[in-house]
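Student: I am new to this structure. Please take one part and look at it closely with me.

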Amino acid sequence: VELEKRGIPAVAICTLPFERLVVSATHALRMPDLEVVFLPHPLADRSANQLDELVDEWLDRVAAGLTAGAASR
Amino acid sequence: VSALVEWATSYTVDDADAFQALAEEKRWGDGLPLVPATVEKVQAMLGPLAADSGRVLGLFPPRFGEATIESLAINAVMAGCRPGVLPIIVAAVEAMLEPQFNLFSIQATTHPGAVMLLVSGPIARQVGIHGGSGLFGPGFQANATIGRAIRLIQTNVGGAYPGETDLATQGTPAKFTFCFTENEDDSPYEPHRVTMGYDLAETTVTVAQAEAPHNLNDHVSEDPKGLLVTFAQTIATMGKNNAYLFDSDYFLVLGLEHANILHRYGWSKKDVQKHLFERARIPYRLWRLGGMAGMTPKPRYIDADDEDLLIPMCAQAEDVRILVGGGNGRHSCWIPTFGIGRSVTRRIGLV
């Protein structure tokens, strides 16, 4: 949120159980279009290899989020 | 928030059942019956603060709702508070909104953290906050309702809805209400506000992101040595955020008999703080096996090759906060905290 306010593209990353919290907070902060990537939960029980796979799976989505709003910025 | 404020400014029906049904529909409660927040009662709660009712103390996360004095008064009425306690609640909310308290995290975290509210000083006595036998409840109107008002504000103003935006894995009964004062009449030590640099004649609030009190039972020690072994062994446990997150303070509430033993042997609060900081520690060889090991950067003094290193439960001796409360008996308690964020003490200004 602070990065976006300063005009620096940012993507928030969190797991799905936090979706309502994030939506509530971003709306309250009048930043409903903030790019958020919701990962499956939980992360804590994943091995390093599994985390690597998760990164491979979601990295493009994060990168897309960083560039998606560029036109409007 | 504005819906609640708007609605309460026109509500005049003093009907508990009707109000309860409406509150449940609007999700304004904590599960227990609420007092109807009629215009008349809210005005009585505001009292001399009525002229200032629209003042915004800050934005209360995670919804960033406007915490106006009026919105706090409405919640105080709903919680069952008696008129006269609003200045305490205003000061507590101002303290919670201080950046070092880290309010957003405590509102949303999976950790079972409640807002602990210590009221220290003459106003605590005046409004009937109890610090003697059984101070953590049940049974004391001011303790129960002021603490409850804080929780209702967290939900109704801040938007921390349990299970949705308040994501506590299990929560804690302390989240219903957690307000008390010290037993100043019988304590051999100075009260907390004096330790924190305030005058004895002033009244302060202290808020902390606290777990429910953990019992420290020692029925046999007659000197500080044994007593503090019991305390240190109970505090040095891996299932606490304090074992892994050091940007915080925690509280020790000494029961009278334990406090008198320490005082009789000439121990100051500082002596107890220093002792517990040094002795309440976890061997690194255990510490690294569970808890939150590896999740946060290790403090610089932790040498991964030193199996015998002892890890403290806070960053410095001053982070052990010593209070005295309760009645007869050989029990004290430890109040662990969230670990990211510090307690905030403020003078009650609006009287």
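Tutor: What follows looks at how helices pack in chain B, then at the contact with chain A. Keep in mind that this is a predicted model.

Start with helix H4 of chain B, residues 69-79. Which helices does H4(B) meet? One is helix H8 of chain B, residues 141-156. The two axes come within 8 Å and cross at roughly 125 degrees. That angle makes H4(B) oblique to H8(B). The crossing is right-handed.

Now look at the residues. H4(B) brings B:Leu72, B:Asn75, B:Ala76, B:Met78 and B:Ala79 to this contact. H8(B) answers with B:Thr145, B:Arg148, B:Ala149, B:Leu152, B:Ile153 and B:Asn156. Sorted by class, the contact of H4(B) with H8(B) holds seven nonpolar, three polar and one charged residues.

H4(B) also meets helix H3 of chain B, residues 39-46. Here the axes come within 9 Å and cross at roughly 115 degrees. H3(B) is therefore roughly perpendicular to H4(B). This crossing, too, is right-handed. From H3(B) come B:Lys41, B:Val42, B:Met45 and B:Leu46. From H4(B) come B:Ile69, B:Glu70, B:Ala73, B:Ile74, B:Ala76 and B:Val77. By class, the contact of H3(B) with H4(B) has eight nonpolar, no polar and two charged residues. Find B:Ala76 in the structure: this residue of H4(B) touches H8(B) and also takes part in the contact with H3(B).

Next, go back to H8(B) and follow its contact with helix H5 of chain B, residues 86-96. The axes of H5(B) and H8(B) come within 11 Å. They cross at roughly 45 degrees, so the two helices are oblique to each other. The crossing of H5(B) and H8(B) is right-handed. On the H5(B) side sit B:Ile88, B:Ile89, B:Ala92, B:Val93 and B:Met96. On the H8(B) side sit B:Ile146, B:Ala149, B:Ile150, B:Ile153 and B:Gln154. The residues of this contact divide into nine nonpolar, one polar and no charged. Two residues of H8(B) deserve a second look. B:Ala149 and B:Ile153 are in the contact with H5(B), and both also meet H4(B).

Past H8(B), look for B:Glu164. B:Glu164 forms a salt bridge with B:Arg27, and the closest N and O atoms are 3.3 Å apart. The pair links distant parts of the chain, 137 residues apart. B:Glu164 lies in the loop between H8 and strand S4 (179-180) of chain B. B:Arg27 lies in the loop between helix H2 (16-26) and H3 of chain B.

What else does B:Glu164 form a salt bridge with? The partner is A:Arg20, with the closest N and O atoms 3.2 Å apart. That takes us across to chain A. The count between chain A and chain B is one salt bridge. Over all chains, the count comes to 20.

Step back to the whole interface. Eight residues of chain A are in contact with nine residues of chain B. The area buried between the two chains is about 750 Å². Carbon and sulfur atoms give 75% of that area.

Finally, a brief view of chain A itself. Chain A has three helices and two strands. Along the sequence they follow the pattern α-β-α-β-α. The C-alpha atoms of chain A fill a box of roughly 35 × 25 × 15 Å, taken along the principal axes.

How values were computed
Residues numbered from 1 in each chain as written. Chains lettered and ligands numbered in written order. Predicted model: local features only at pLDDT ≥ 70, side-chain atom pairs only at ≥ 80, totals over all residues. Heavy atoms only, no water. Axes fitted to C-alpha atoms, helices over the stretch in contact; angles between N-to-C directions. Helix = DSSP H or I, 4+ residues; strand = E, 2+ residues; numbered from the N terminus. Parallel < 35°, antiparallel > 145°, perpendicular 65-115°, else oblique. Left-handed = near helix turned anticlockwise from the far one by under 90°. Contact = heavy atoms within 4.5 Å. Nonpolar A, V, L, I, M, F, W, Y, C, P; charged D, E, K, R; others polar. Buried area = accessible area lost by both parts, 1.4 Å probe. Salt bridge = Lys/Arg side-chain N within 4 Å of Asp/Glu carboxyl O.
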